[in-house]
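Student: Could you take me through one part of this structure up close? I'd like to start at a small sheet and then follow whatever connects to it.

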Amino acid sequence: MNNLRKEFPILNQYTYLNTASSGLLYDSLLEYRQEHDLDFLIGGSLFREHQAQFLSSVKQSIGDFFECKFGDIVLSQNFSIGLNTLLSGLDTSKKILLLDTDYPSINFAVTAKNFDTCFAKANVHLEQNIESAIKTHNPSIFAFSLVQYTNGIAIDLDFIKQLKARYPDMLIIGDGTQFCGTKAFDFDNSGIDILGCSGYKWLLGGYGNGFFLFKKGILEYTSPISYKKSAIASDYNSSYTSLQARYECGHLDTLNYGSLQHSLKFLSNIGLPTIEKNIQEVANYAKEEFVKLNLLEIDVAQRKNHSSIFNLKGDQKLFEKLKNQNIITSLRGQGIRISLHFYNTLKDVERLLEVL
């Protein structure tokens, strides 16, 4: 991993503990982006002649990376746009189960559209709370983040599989923005019906790209009847009336999606098992030390399995102190959020502990 750190110049200046806010640009991706724009510079519209085939190859790369072989893949500029498009095709009388402290891009999007909602607490008993809420409220849909953005509580993916087996008619929608890129993931066998993700964090794809994975038949199931009827009756080109066009309307930037594809290949070359092993080694060490210093909320400290995102007890003053020491973090919720990717090391954690 030390050789890979050379790809990220910022690591020479800062202790970067903030991937949950923004993934890093790296040397080979910068080279790709420069070559892309040079081709556009000298080719103009000729450069875009094969953009449809190129974007299809991006979808293929996404499908290969996340083991989505049998469903549908759509591209979206980010998770929030894709989710709002998805929700606009669902009957608002359907009851949706949410996690009480989940990302506003999920919870606000659902509540603002006046869906019937119910909630489960995202605490140490997360899975039991979800099971209890389903039995009590009988929701038609469960929408959640695989990893909670404020404190890193991660849902048990085996639990999601079991949940789908017990409630096959419940639509399960997952936000993978704080998860995808941290470990191998088999979408086809996950129990999740729809997985959305923005590519600018752990996938290191830069801004302006994201995607949604749909189990077979789910994309059509979530499209409003009025849209399908208009598509059938329309004389427009089929590219405007396909189900994918609900999400992929307007132009799609080949620079942004090309950056995502480049990073998927970059991560694949490192190897997701290698990435997961490195992340967990550093995160486990960090958690042990944070528990010793009583820096974690009890819900995180008592969870057996955790992600590499932590929220440490601290305030604006401590946040500024860390920043002045070239340690990059985020203020989130009631504390200071740190997040560890494969390019972080035990020395990064030790440097943080030294200042703390």
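**A close look at the sheet and its helix**

Tutor: Let's start with a facing pair: L331 sits opposite I336 of strand β12. Keep in mind that this is a predicted model. Strand β11 and strand β12, which covers residues 335-339, pair in the antiparallel sense, and three bridges join them.

Now step back to the whole sheet. It is an open one made of three strands, ordered β9-β12-β11, with antiparallel pairing. At the edges are β9 (309-313) and β11 (330-332), each of which pairs on one side only. Going from one strand to the next, the twist averages 40°.

Next comes the helix that goes with this sheet. Helix α12, residues 272-292, packs on the sheet and touches β9 and β12. The direction of α12 makes about 20° with that of β9.

Stay on α12 for a moment and look at its charged side chains. Side chains of opposite charge can pair when their charged atoms come close. Within this helix, E289 forms a salt bridge with K292, and their closest N and O atoms are 3.2 Å apart. Both residues lie in α12, three residues apart, which is about one turn of the helix. How buried or exposed is each partner? E289 counts as buried because its relative accessibility is 17%, under the 20% cut-off. K292, at 62% relative accessibility, counts as exposed.

Another charged residue of α12 reaches out of the helix. E276 pairs with K183 in a salt bridge, where the closest N and O atoms are 3.9 Å apart; the cut-off is 4 Å. K183 lies in the loop between β6 and β7 while E276 is in helix α12, so this pair ties together parts that are 93 residues apart in sequence. Both ends are partly exposed: K183 has a relative accessible area of 26%, and E276 has one of 28%.

That loop between β6 and β7 is worth following, as it holds a partner in another salt bridge. There, D193 bridges to K164, with the closest N and O atoms 2.7 Å apart. K164 belongs to helix α7 (residues 157-166), whereas D193 is in the loop between β6 (171-175) and β7 (194-198), so the pair ties together parts that are 29 residues apart in sequence. Here K164 is buried, at a relative accessible area of 18%. D193 counts as buried too, with 7% relative accessibility. If you search the whole structure, you find ten salt bridges, among them the pair of K164 and D193.

One last thing you may want to check is the cysteines. How many disulfides are there? The count comes to zero. Take C68: the closest cysteine sulfur is that of C180, 12 Å away, so the two are too far apart for a bond. C180 is in no disulfide either, although the sulfur of C197 is 4.0 Å away and is the nearest cysteine sulfur to it. A disulfide needs two sulfurs within 2.5 Å, so the separation of 4.0 Å between C180 and C197 does not qualify. As for accessibility, C68 counts as buried at 7%, and C180 is buried with a relative accessible area of 1%.

Note on methods
Residues numbered from 1 in each chain as written. Predicted model: local features only at pLDDT ≥ 70, side-chain atom pairs only at ≥ 80, totals over all residues. Heavy atoms only, no water. Buried < 20%, exposed > 50% of the residue type's maximum accessible area, 1.4 Å probe, protein only. Pairing = 2+ DSSP bridges. Helix = DSSP H or I, 4+ residues; strand = E, 2+ residues; numbered from the N terminus. Axes fitted to C-alpha atoms, helices over the stretch in contact; angles between N-to-C directions. Contact = heavy atoms within 4.5 Å.
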